[in-house]
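Biologist: Could you take a close look at the start of this chain and explain to a first-year student what surrounds it? Please define each term as you use it.

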Amino acid sequence: FWDFLILFFCLPVVIFNEITKKRLLGDISCRIVPFMEVSSLGVTTFSLCALGIDRFHAATSPQASARPIERCQSIIAKLAVIWVGSMTLSVPEILLWQLAQDTSPVSGAVSEYCTMRPSAALPESVYSLVLTYQNARMWWYFGCYFCLPVLFTVSCQLVTRRVGGGEKKKAESRGTKHGQCERHLNCTIIGLAVVYGLCAIPENVCNIVVAYMSPDVSKQTLDLLGLINQFFLFFKCSVTPVLLLCLCRPLGQAFMDCCCCCCEGCGPDAGSSEGSADSKLKTEMSSSIFFDKPRESPPPLLALGTPC
């Protein structure tokens, strides 16, 4: 959902600004767009950490078959913590950016751009905190939004595989189908971490260039680096949902079922009733991306066409 917000709000604003050299929504977009982009990095980072912990608990659970299904309220609470924490850590971005104007010496045209400069109208204590954040912004990005999700995901996967490899009896007791589902979920998390890491590299390179080489680099080059960094973020927001639906089969199947139910000509008929029942049975037996308990086996389906 947050990826959708980035693509729905930030992408049109950035494209409009690059074409017209005018800031859509003025100073508001200069503050909201960076805030939403940094919040997106936080949501992805903390979500990967939460999914890594979930996979570790699934591998180290003494009785996976008796593990209770997590309630919806618990999941919503975790998502709320992730979202609120990400937006709270991104609040300095609102105070750091502001709108500026530049006049071209050749044509005399006035262009608007966003600059990373705290407003002098801020209270002295807040102004000093924002300056401290600006000075530590590069290392904060690199440590929290790049190293933390990558290292955390790799560590959780290594520990999970080591624990799972040393407990063969537990793996045999879970069954082949449940083991395949867990491997699919692990591959999903690894794929999400790889895509996020590759798309976050330009962000860190841009920050290093701005921090240490900005006096020797022209403004056009810095603007180009910032634009490339933003479009890598948009690429990550576009690929992540597709990758999640493709690698996580239960979630992808549920998504396709929802899309099929929205179509008028997708109603069940006599010829496809058996196939739909089998598909429904497989979907119910599959584990979701959050849960590790295989659902109880339903009663055997009665033969079609009997008096019952």
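Modeller: The answer below begins with the chain as a whole, turns to its start, and then follows the parts connected with it.

This is a predicted model, in which local features need pLDDT of at least 70 and side-chain atom pairs count only at pLDDT 80 or more, while totals for chains, interfaces and linings use all residues. Residues are numbered from 1 along each chain as its sequence is written, and side-chain values use heavy atoms, with hydrogens and water left out.

The chain contains 11 helices and two strands; these are DSSP runs numbered from the N terminus, helices being H or I over at least four residues and strands E over at least two. Read from the N terminus, the order of the elements is α-α-α-α-β-β-α-α-α-α-α-α-α. Of the 308 residues, 33% count as buried, where buried means under 20% relative accessible area, exposed over 50%, and partly exposed in between (1.4 Å probe, protein chains only).

At the start of the chain, an unreviewed UniProt entry places a "signal peptide" at residues 1-16. UniProt positions are given in the numbering used here, feature names are shortened, and annotations may be inferred rather than shown by experiment. In the model, residues 1-16 are 94% helix and 0% strand, with 23 Å between the end C-alpha atoms.

The aromatic rings of this region deserve attention. A pair of aromatic rings is described by the distance of the centres and the angle of the planes. Rings of Phe, Tyr and Trp (its six-membered ring) pair if their centres lie within 6.5 Å; planes under 30 degrees apart count as stacked, over 60 as edge-to-face and the rest as tilted. Eight aromatic pairs are found when the whole structure is searched. One of them joins Phe4 and Phe8, which are stacked because their ring centres are 5.6 Å apart and their planes meet at 20°. Phe4 and Phe8 are four residues apart in helix 1 (residues 2-20), and so about one helical turn separates them. Phe8 is exposed, at a relative accessible area of 60%.

Phe231 and Phe234 also form an aromatic pair, here edge-to-face, with 5.5 Å from centre to centre and 90° between the planes. Because Phe231 and Phe234 are three residues apart in helix 9 (residues 219-247), about one helical turn lies between them. Phe231 is partly exposed at 35% relative accessible area, whereas Phe234 is buried at 3%. Returning to the start of the chain, Phe1, Trp2 and Trp83 form one aromatic cluster.

Helix 1 and helix 9 pack together, their axes 10 Å apart and at an angle of about 150°. Axes are lines fitted to C-alpha atoms, for helices over the stretch in contact, and angles run from 0 to 180 degrees between N-to-C directions. Helix 1 and helix 9 are therefore roughly antiparallel: angles over 145 degrees count as roughly antiparallel, under 35 as roughly parallel, 65 to 115 as roughly perpendicular and the rest as oblique. Helix 1 passes helix 9 in a left-handed crossing; a crossing is left-handed if the near helix is turned anticlockwise from the far one by less than a right angle, and right-handed if clockwise.

UniProt (unreviewed entry) gives "transmembrane region" for residues 138-160, 187-212 and 224-247. Residues 224-247 are 100% helix and 0% strand, with end C-alpha atoms 34 Å apart.

The cysteines complete the account. A disulfide is a covalent bond between the sulfur atoms of two cysteines, and here the term requires a pair of cysteine sulfur atoms within 2.5 Å. The search of the whole structure finds one disulfide. Cys30 and Cys114 form it, with 1.9 Å between their sulfur atoms. Cys30 lies in helix 2 (residues 27-60) and Cys114 in strand 2 (residues 110-116), 84 residues apart, so that the pair links distant parts of the chain. Cys30 is buried, at 0% relative accessible area. Cys10 is in no disulfide, and the nearest cysteine sulfur, that of Cys237, is 8.3 Å away. Cys10 is likewise buried, with a relative accessible area of 0%.
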